[in-house]
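The exercises below ask the reader to work from the displayed coordinates towards a description of helices and their surroundings. Each task is followed by a solution in steps.

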Amino acid sequence: MQEILNTLFPTFSKELNNDIETSAKIHTFKAGEVIMRTGQYINHTMLLTKGQIKIYREGENGGEFFMYYIQPGQACAVSMICATKSQVSRIMAKAVDDVEIIIVPLPLMEKWMMEHRTWNEFVLLTYRIRFEEILEVVDNIAFRAMDERLEFYLKRHADACGCCDLKFSHQDIATELNTSREVISRLLKKMEQRGMVVLHRNHIELLK
């Protein structure tokens, strides 16, 4: 575990890494498995070491609202907040592919905040990064038309995976943008005509 921590969490002190190795636990989840549900009490946070986790809100009608991805070397800010405040989760977390996470129980989170400066700094940085991401999402919804929202959505996913081949269907996008498949298909076709994407069956190639 020390090698993983040194590689993915380089700002952690040696003392913090020793405490993580001694006290925290490693869990794995398969692709598509739900890791956190709306209404679930959270008593731990998670540090991602492998794979990718999607954080989203789920509507009463079953629709999804995508918020952000957690990448290796990152943590879930929402789980940190819910755990420290003894609140239930208001988001869903799902494994995009097979993932491995380090589970940090609530008592350790609070203890490390006082004992390890590098943990304290990591938590505050995580809050700031996620807050900025949420602001970007809110601005996108409030001030952009659907075609701009779609471009923003595709580029955000491409940045998250570090690739240009996005493996989801028109319906997947429509669900996360809370619109109809027909609207997304029409806008994607326009983007293809403008040379921005190449449309394939169940995946989209982003060109620029």
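**Exercise 1.** In this predicted model, locate E176, decide whether E176 is buried or exposed, and list which residues E176 touches beyond its sequence neighbours.

*Solution.* Begin with the secondary structure, where E176 is found in helix α7, which covers residues 170–177. Next, take the relative accessibility, which is 6% for E176; because the cut-off for a buried residue is under 20%, E176 counts as buried. Finally, leaving aside residues up to four places away in sequence, the contacts of E176 are K54, E64, F65, F66, Y153 and H157. Two of these partners can be followed into the next exercise, since Y153 and H157 are listed among the buried residues of α6.

**Exercise 2.** Describe helix α6 by its span, its buried residues and the residue that follows it.

*Solution.* The helix runs over residues 146–161, and its 16 residues reach 23 Å from the first C-alpha to the last, close to the 22 Å expected at 1.5 Å a residue. Its buried residues are R149, L150, E151, F152, Y153, L154, R156, H157 and A158. After α6 comes G162, which has a positive phi near 65 degrees.

**Exercise 3.** How are α5 and α6 oriented relative to each other, and which residues meet?

*Solution.* Two packed helices are described by the angle between their axes and the distance between the axes. For α5 (residues 117–143) and α6, the axes come within 9 Å and cross at roughly 155 degrees. Angles over 145 degrees count as roughly antiparallel, so α5 is roughly antiparallel to α6. The crossing of α5 past α6 is left-handed. On the α5 side the contact involves E133, E136, V137, N140, I141 and F143, which meet E148, R149, F152 and R156 of α6. Sorted by class, this contact holds four nonpolar, one polar and five charged residues.

**Exercise 4.** Which elements do the buried residues of α8 pack against, and where do positive phi values occur after this helix?

*Solution.* Helix α8 spans residues 181–193, with 13 residues reaching 18 Å between the first and last C-alpha, close to the expected 18 Å. V183, I184, S185, L187, L188 and M191 are its buried residues, and the buried residues of α8 pack against α6, α7, β9 (197–200) and β10 (203–206). Just after α8, G195 has a positive phi of about 75 degrees. In the loop between β9 and β10 lies N202, a residue other than glycine whose phi is nevertheless positive, near 65 degrees.

Key
Residues numbered from 1 in each chain as written. Predicted model: local features only at pLDDT ≥ 70, side-chain atom pairs only at ≥ 80, totals over all residues. Heavy atoms only, no water. Helix = DSSP H or I, 4+ residues; strand = E, 2+ residues; numbered from the N terminus. Expected span 1.5 Å × (residues − 1). Buried < 20%, exposed > 50% of the residue type's maximum accessible area, 1.4 Å probe, protein only. Contact = heavy atoms within 4.5 Å. Axes fitted to C-alpha atoms, helices over the stretch in contact; angles between N-to-C directions. Parallel < 35°, antiparallel > 145°, perpendicular 65-115°, else oblique. Left-handed = near helix turned anticlockwise from the far one by under 90°. Nonpolar A, V, L, I, M, F, W, Y, C, P; charged D, E, K, R; others polar.
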